[in-house]
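Subject: Structure handover

Hello,

Here is the structure I said I would pass on. My notes follow it.

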Amino acid sequence: MSKVFLSSTWVDLQKHRQAVIQALERLRHQGHDVQWLGMEAFGARDKLPADACLQFVEQADVYVGIFGVRYGSRDPRSGLSMTEAEYRHAVEMGRPRLLFVIDKKRALVRPDHFEEDAESQKLLRQLKADVLKERVVDFFTTPEDLASKVVTALLPYLGLTAAPGRRVDAAVLRREYLAYLSDSCRWLDFRGILQMREVVRLPTEQVFVPLKVTPPAELRPDRMAEEAERIQEKVPIQELLPRHRRLVVLGDPGAGKTTFLRYVALALALAAGSATTEERLGVQANWLPVLFPIAAYAEKLKDDADLSLTDYLPQYFKARELPDLGPLFRAEMAQGNCLFLLDGLDEVGSPGDRLAAVKRVADLARRYPDNRIIVTSRIAGYHQAPLADDFLHLTIQPFDDEDIARFAQQWCQAYETLDGVTSQAEERAHQRAERLVAEIHSDPNIAKLAANPLLLSILALIHYQGTRLPHQRAELYRLCVEALAETWNRARGLSGRPINLFLGDRPLDERFVVDVLGPVAFWMHEERPERVVERRDLERLIADRLQEHEQVSEPRARELAGDFIQLMTEKVGLLVARGLDLFGFLHLTFEEYLAARYLVEWLDYEEEASRRAADPRWDEVIRLGAACLRGRYVARLVEAVRNAGLKGEALGRDVVLAGRCALDVGPRVVGGQVMERLTPRLVETMQGLEVPIPTRADAGEVLDELGWLPTDLDAWVHVPGGEVYLHHTQHTETVPDLWMARYPVTNAQYERFIQAGGYDNPAYWPKETGAREWREGTKRSQPYWWEDSRFGRSRRGYPVVGVTWYEALAYCAWLNKLLERVPAGEDVPNAALVADLVDTPAQEITLPSEAEWVRAAGGEGNNRYPWQPPAYTPSPPTPSPNACPERSRRVGRGGKVERPELALSKVEGVLARANVEESGLGYTTPVAMYPAGAFFPSGAEDGIMDLAGNVWEWTRDPWEEESPYKALRGGAWLWDADRARVGSRRYIPPELLFSRLLWVTGVRPVALL
């Protein structure tokens, strides 16, 4: 057993002592044979406290001296404080001493804790002077900082060594490791993107724009915070770091996931536990950042299935020429001080390998629960092997106009001041930033590209070269490769003459670089999901290509291969060293682009793309490949992917991928005939009961981006009148005939109301309902989430959300005015919205009463859902349904649906028919996605869609008699399946203030006689 004696004063360091004791207790519980001794253990003794302390020093194996801002109580016999007496006795006894002195410049210590007695101050200064003559392990600031450093320094005395017979100085390891992180993360290196100077590196801290994410899963109905106004905005991710130990950060390619992790690692490496770290990350902690690609670990698991993450980490960093960091990591993990930054879960090869890696991450979280973990992944394919619910899942949002402007200013400022900060450089930066932003917003296509941080960086680089900004990603990457290969040819040396790069006698250009690196990138994407390749394999691949493509002899090809690697790493920068004789592409996106070029230029791209359509890792390669093609060749690729014939869990992914290819290149480029075949397949995929729900949602998203809307979007369905029993009143009401909108009001429909001046016409906001007062008080001119990319105007076929009761009534009043004018023969814009009602006796369009809504949904009897007979009661929900065995028999382009015969004994049936919480989507879905959930009123040919789930729908009734709250019906995506029953109700203030239904309130009008 190792006995550790803690020596310090009490008043100023009580919290610091407690932090150290808790850290030592954690070590003991984890199996380390350690015992602490100190004044807390005195108890009742027949000895004076000073004598007891000295006896403890004699019993200890290690003396830990902590010296703060007080001298402490003195022993009347010696005149020394107990703290000094303990230290002197440890020196006399020859005990190993680990000494810590407070950093008064950085430590947060209250003034009344400082020593005030002049004599004691003198003795304290002398004691610290003597201590500082010895080897001081470190200075400390916070209690947590001290605990971390004490445990790290104790490692050698607990039997943890780097090699037999050699003690480890963990404090030195920590400094060396943090220096490595600082060096490797300090710069964003654009040398591999475009050449503007001999070296283009910009400081990470100066260029980084904080990422914003969607409100986290904790804002579910049962846990949502009350400050509704706050969650209207996207949340800066730094706000979530202090509050959550487990995060999964999802984002599209180039969304900034890796840069974010590098920024976090750099901030902690430079100033962990300081006020600077709090300013950057929102935390003041001494966390040890552990940054590495998880795909590299997954690759090792193939050879050693028992390799734990904790055993792998020292191997990973040792390959990067660092010493054995195992003792450092074990000590920091033992006290819960590590922040694991696991980059690129999507880059792990197969779903099986990904599941194995996910299991090990979960094991790490379970074994060391006090540590923190952040995992990044692309969105595509993540659902195949997700992490558990104890990980908070966040999705990076695209840059908005404010982010783009901030990036432009910071980027230009960093670039222009590389040689020093001057007023002239700052003025140039300001002017450059303004021009860049103006050029970005001059074209909607360019502005769309700029919402991606990586593409925005490239746009900035291209702008600085004076080249026009391209409109497509593939064109961006082509310009990058061209520039990195050829800009050097335009660079000028001291002589003023062009400097050319040659491989042998062959000058470098874009064509040559693509031809050589294309097959390398394709091979790496297929065989090296960890994104690194050993030098011998890289040289072999390049030499083979040179022999085949340049007709170079084998010896000469091997020689040139080494030269080519040197050029790509040292001059061009497209390849970068990832370790000793390990190489990779500067960014995964460039590996994918070059692989795409090889796919479409050298392989049977139709067959190869079709064969890989099931693997999300190849999505970007195939999409970029499509963008590199022209004319009928694009159409052939889209057709080949669409007809890949995927089944099982991958069912429908081929159709979705084909749709995304069409989006990238534009429907006109793909061709009308191809789109005529693709669009119905996308609709079938979106609505297919056998298709996994995430894929159905993806198909709906692609359709919406393509501009597709159901042709019967404006349809109204006749609902015969009759009696309806309401459980909440326990009365039967008689409902007259009415017409109900087939779908909830979509963003596309509501936008017509806004564009028609609906918010400015007082006639739609009557005083008697309170709408006029609300409108004049808020000055609102659009719904709550109208500009949000997840729920707002850009999702045209999705239900409008965040609509207050007053806005819902105003929309209905506007439809009324349309209906009045259409029969009069006026040429009325938007008349299609009410065309179905022109030849009916409908007189008033308004919100439904609760009784009318329930009648249109088939009644509340037997706790039913709107689509099935009353006898059905579902079994308990399952978290991740995959498929339902029945197919929807959808016919016709107008959305006509035969009522399907459905097996109703499985909860999957509910999830196949309604967007509810158990679907796991986390957002609304297109209103036409669930035809199998439609209810067909008696005699109706068409069903009423989306009555269950997706959005709660306003009624015109109060929650209770005389209540100021209004009643809603139908359930929503954020509520569980049980709330999607016909009888489910919610209440809400008409103005939506501070309500957790902000995301989920929609509109469905009815027309009454």
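How much area does the protein expose, and what share of it do carbon and sulfur atoms supply? The exposed area is about 41500 Å², and carbon and sulfur atoms supply 48% of it. Please keep in mind that this is a predicted model.

Overall make-up

The protein has 1009 residues, of which 58% are buried. Its secondary structure comes to 34 helices and 29 strands. If you take the contacts between residues at least 6 apart in sequence, 72% of them join residues at least 24 apart.

Strands

One open sheet has 5 strands, paired in parallel and ordered β2-β1-β3-β4-β5. The edges are held by β2 (34–37) and β5 (138–140); each has a single partner strand, so one side of each is left without a neighbour in the sheet. From one strand to the next, the twist averages 25°. Strand β4 (residues 97–102) runs parallel to β5 and is joined to it by 3 bridges. If you want to find this pairing in the viewer, look for I102, whose bridge partner in β5 is F140.

A second place to look is strand β19 (residues 582–585), which pairs with β17 (residues 533–534) in the antiparallel sense over 2 bridges. There, V533 stands opposite F583. In a regular strand the side chains alternate between the two faces of the sheet. Both faces of β19 are covered: L582 and G584 are buried on one side, F583 and F585 on the other.

Nonpolar cores

Which residues touch the most other members of the largest nonpolar core? They are Y177, F260 and L517, in a core of 204 residues. The helix that gives the most to this core is α19 (residues 510–527), with 10 residues. As for F260, leaving aside its neighbours within four places in sequence, this residue is in contact with F208, L211, I237, L241, V249 and I374. There is also a second, separate core of 51 residues, which includes Y764, W765, V828 and A972.

Salt bridges

The whole structure holds 56 salt bridges. I looked at three pairs and one network.

- E526 and R612 form a salt bridge in which the closest N and O atoms are 2.4 Å apart. This pair links distant parts of the chain, since E526 lies in helix α19 and R612 in helix α23 (residues 605–612), 86 residues apart. E526 is partly exposed, with a relative accessible area of 36%, while R612 is buried, with a relative accessible area of 6%.
- E608 and R611 meet through their side chains in a salt bridge of 2.9 Å, N to O. Both are in helix α23, and because they are 3 residues apart there, about one helical turn separates them. E608 counts as buried at 16% relative accessibility, whereas R611 counts as exposed at 54%.
- R660 and D698 form a salt bridge with the closest N and O atoms 3.8 Å apart. This pair too links distant parts of the chain: R660 is in helix α26 (residues 653–665) and D698 in helix α29 (residues 693–705), 38 residues apart. R660 counts as buried at 17% relative accessibility. D698, with a relative accessible area of 21%, is partly exposed, because the cut-off for buried is under 20%.

The network links E510, R511, D515, R597 and E601 through salt bridges.

A covered helix

How many of the 11 residues of helix α25 are buried? The count is 8, so the helix (residues 632–642) is mostly covered. The buried residues are V634, A635, L637, V638, E639, A640, V641 and R642. What covers them includes α23, α24 (619–628), α26, α27 (667–670) and α28 (672–687). Two of these helices have come up above: α23 holds E608 and R611, and α26 holds R660.

If you have little time, I would open the view on α25 and the helices that cover it, including α24 and α28, and then go to F260 in the largest nonpolar core.

Regards

Note on methods: Residues numbered from 1 in each chain as written. Predicted model: local features only at pLDDT ≥ 70, side-chain atom pairs only at ≥ 80, totals over all residues. Heavy atoms only, no water. Pairing = 2+ DSSP bridges. Helix = DSSP H or I, 4+ residues; strand = E, 2+ residues; numbered from the N terminus. Axes fitted to C-alpha atoms, helices over the stretch in contact; angles between N-to-C directions. Core = buried A, V, L, I, M, F, W, Y, C linked by side-chain atoms within 4.5 Å. Buried < 20%, exposed > 50% of the residue type's maximum accessible area, 1.4 Å probe, protein only. Contact = heavy atoms within 4.5 Å. Areas by Shrake-Rupley, 256 points an atom, 1.4 Å probe, with all protein chains shown as cover. Salt bridge = Lys/Arg side-chain N within 4 Å of Asp/Glu carboxyl O.
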